[in-house]
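Let's take a walk through a protein together. Keep the sequence and the 3D view open as you read, and look up each piece when it comes along.

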Amino acid sequence: IESNKGLIVIGVTGSFGKTSTKNYLAGVLAEKYNVLVTPGNFNTLLGVIRTIREHLRPYHQVFIVEMGAKQSNDIKEICDLVHPTIGIVTAVGEMHLETFKTVENIQNTKFELINSLPANGLGVINNDSPYISSYTGITSPCKLIRYAVDGNGDYKAANVKYGASGVTFTLNDGEQFCSRLLGVGNLLNILAATAVADYLGVPVNKQKNAIARLQPVEHRLSMKVSNGITVLDDAYNSNPQGARMALGVLKSFAVGKGNKRIVITPGFVEMGTRQAEANKELGRTIAESCDYAIVVNATNREAIKSGIDEGGMPHGNYFLADSLNHAHAHLAQILRAGDVVLYENDLPDNFK
């Protein structure tokens, strides 16, 4: 790293949204710079080391480093290795509570990135995340930019409109952007990318072109249409905030008379003592967002069912499946052209 003079190192961390933000930022910055990103989920210290040793070349101008954490000091260790001058914190939520124990520990760990930045650095943080907007432990004197959709921010999306081709919005009531990406979460990730792109001098017209070309990360609220069926694939999402965003998109989808909005989910795992209540809340959100639900596996079945019942969804409008294969067999019996199906929450990893 030291031999690559002038290399701009950007750290990206957060309880969720970091992989999408990393990829969107790389797409926008590539309009001006030669960019290297940590591949896939290479977001541990050893993953970053492998990326540097195997992929970093003298011609790279920007190195975007995704930084994951399961315990305190995980982010600081990566920062001590790569010395970022720009840092993005996408969200702070109740992820990996089994190892972190408290949300405060998660807050402090994610902000290890911002507190590692030099005085002439830039911190970019999601002000719509309550655990970010309320955080008071920033010690770095770096410049700070806050971005938001619902709340207040230096970078704020306004006039947001969803349609069959994606979303349009204006940035700070000025320039209009278009994207194929769905959901408030993706909109927030785009705002983070535009903030850094502006800071690094990427022309606005090139930012617009790059954002219009962005493709969703596979299994993270991507959309496919086949044989008249719309599939919203959010199967790698594993957190309550992301699930609410995805269900909000499902709820907003216009369907024809007699068609259904369907969700397939196993609920949340690795949430410690919060798991039962979080899955009950998920059930309540499902009841108000869609017409039919398929709950996969027995792990969170009773909690989700309890929330669905509280939300008022009729018993005949949900199905309890023992596995993903069982869910697919049932789905084949009820599915018809014009329906919309949302796959939600860690399906590929945990519930084959």
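How many residues lie between E8 and E9 in their hairpin? There are 4, and Asn 172 in the turn has a positive phi of about 55°. Before we go on, some ground rules: this is a predicted model, where local features need pLDDT of at least 70, side-chain atom pairs count only at pLDDT 80 or more, and totals for chains, interfaces and linings use all residues. Residues are numbered from 1 along each chain as its sequence is written, and side-chain values use heavy atoms, with hydrogens and water left out.

Back to the hairpin. Labels like these come from DSSP runs, numbered from the N terminus: helices are H or I with at least four residues, strands are E with at least two. Strand E8 (residues 166–171) pairs with E9 in the antiparallel sense over 4 bridges; two strands count as paired if DSSP finds at least two bridges between them. Thr 168, for instance, has Cys 178 in E9 as its bridge partner. Now look along E9 (residues 176–179), where the side chains alternate: Phe 177 and Ser 179 point to one face and are buried, while Gln 176 and Cys 178 point to the other and are not. Buried here means under 20% relative accessible area, exposed means over 50%, and partly exposed is in between (1.4 Å probe, protein chains only).

Next, the inside. In soluble globular proteins, nonpolar side chains tend to be buried together. A nonpolar core is a set of buried Ala, Val, Leu, Ile, Met, Phe, Trp, Tyr and Cys residues joined through side-chain atoms within 4.5 Å. The largest one here has 39 residues, and Ile 10, Leu 29, Val 124 and Val 196 have the most contacts inside it. Helix H8 (residues 183–199) gives the largest share of this core, 9 residues. Another core, of 26 residues, lies apart from it and includes Leu 36 and Ile 75.

Helix H1 (residues 18–29) is worth a stop too. Its expected span is 1.5 Å times one less than its number of residues, so its 12 residues should span 16 Å, and the end C-alpha atoms are indeed 16 Å apart. Because 10 of those 12 residues are buried, H1 is largely enclosed by the rest of the structure. Among what covers its buried residues are strand E1 (8–13), H8 and helix H9 (204–213).

Further along the chain, find an open sheet of 6 strands, in the order E10-E11-E15-E12-E13-E14, with mixed pairing. E10 (222–226) and E14 (318–321) stand at the edges with a single partner strand each, so one side of each has no neighbour in the sheet. Inside the sheet, E11 (residues 229–234) and E15 (residues 340–344) pair in the parallel sense over 5 bridges, with Val 340 in E15 as the bridge partner of Thr 230. Helix H13 (residues 324–334) packs on this sheet, touching E12, E13, E14 and E15.

Finally, what about two helices side by side? Such a pair is described by the angle between the axes and the distance between them. The axes of H10 (residues 240–252) and H11 (residues 275–289) come within 10 Å and cross at roughly 10°. Angles under 35 degrees count as roughly parallel, so that is what H10 and H11 are.

Note on methods
Contact = heavy atoms within 4.5 Å. Axes fitted to C-alpha atoms, helices over the stretch in contact; angles between N-to-C directions. Parallel < 35°, antiparallel > 145°, perpendicular 65-115°, else oblique.
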